[in-house]
Amino acid sequence: MATPETSREPCPDRILDDVGGAFGMGAVGGSAYHFLIGMKNSPRGQRLVNGAQMVRMNAPRVGGSFAVWGGLFSACDCSLVYLRQKEDPWNSIISGAATGGFLQMRQGLRASSRSALFGGVLLALIEGAGIMANKYFSAAQDIPIMMEEPATAVMGGDQESTSSGSWFGGWFGAGKKKEEESGGSKTEILESFDAPLVPSFEYK
């Protein structure tokens, strides 16, 4: 089964892929959020117009912030893949911590450290949830499926004979007699298909 690390794009293309995906996610989520905020803070009759105006003003900014975070995270991830020569959840955890710290460097060392810790813990939770989901689905696929053989249906005359018999027929041997009768008819039918006698050509 492919893990989230191996199913992603290769490293040079991963940065652009994550930048585009993060921008789209931020733009869509920011549009919904700011549209609702604009409608809530607007008087009646102007809610749709003000909601759309709030989307035009704020959705690109939110999408750009997400794109910056995604691009920096992917750049750190690719750098760790190149340095460590392997892809594992530690790359994502360290990249999340480094991204959070880099984005808050202008706020001081304390804010940068707090943001780095938050980013590392968040990515650790995400990676842990992904590993648990992969183990659960792989264990579910390894369980063998037990197939029960369907019971053979009683067809033709046998079904009619069993249905027409009494309810206690099986207990008193009526079922056995009918089986013998049906077996005898089968042997008689088979005997009727014996090979014909060879004609003799003797002159009388």
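This is a short talk on a few helices, one buried aspartate and the aromatic pairs of this structure.

Hi everyone, and thanks for coming. One thing up front: what you see is a predicted model.

Let me begin with the record. An unreviewed UniProt entry lists residues 20-37 and residues 115-137 under "transmembrane region". What does the chain do over those stretches? From 20 to 37, the model is 100% helix and 0% strand, with 25 Å between the end C-alpha atoms. Residues 115-137 are likewise 100% helix with 0% strand, and there the end C-alpha atoms lie 33 Å apart.

Now please scroll to Asp 88. This residue sits in the loop that links helix 2, residues 47-84, to helix 3, residues 89-103. Is Asp 88 buried or exposed? Its relative accessible area is 15%, and the cut-off for buried is under 20%, so Asp 88 counts as buried. Its side chain also has a partner: a polar contact of 2.7 Å reaches the side chain of Arg 84.

Just past that loop comes helix 3. Here is a little check I enjoy. Helix 3 has 15 residues, and at 1.5 Å a residue they should span 21 Å. The end C-alpha atoms turn out to be 21 Å apart, so expectation and model agree. As for which residues of helix 3 are buried, we have Asn 91, Ser 92, Ile 93, Ser 95, Gly 96, Thr 99, Gly 100 and Gly 101.

On to the aromatics. How many aromatic pairs does a search of the whole structure find? The search returns two. One of them is Trp 69 with Phe 73, a stacked pair with 5.3 Å from centre to centre and 5 degrees between the planes. Both residues belong to helix 2, and because they are four residues apart, about one helical turn separates them. Their surroundings are worth a look too: Trp 69 is partly exposed at 33% relative accessible area, whereas Phe 73, at 10%, is buried.

Then there is the pair of Tyr 136 and Phe 137. Why is this pair called edge-to-face? The ring centres are 5.5 Å apart, but the planes meet at 70 degrees, and anything over 60 counts as edge-to-face, so that is the label the pair gets. Tyr 136 is exposed, with 58% relative accessibility, while Phe 137 is partly exposed at 48%.

That's my tour. I'm happy to go back to any of these spots on the screen.

How values were computed:
Residues numbered from 1 in each chain as written. Predicted model: local features only at pLDDT ≥ 70, side-chain atom pairs only at ≥ 80, totals over all residues. Heavy atoms only, no water. UniProt positions renumbered as here; feature names shortened; annotations may be inferred. Helix = DSSP H or I, 4+ residues; strand = E, 2+ residues; numbered from the N terminus. Buried < 20%, exposed > 50% of the residue type's maximum accessible area, 1.4 Å probe, protein only. Polar contact = N/O pair within 3.5 Å; in protein donor to acceptor, adjacent residues only side chain to side chain. Expected span 1.5 Å × (residues − 1). Phe/Tyr/Trp six-rings, centres within 6.5 Å; stacked < 30°, edge-to-face > 60°.
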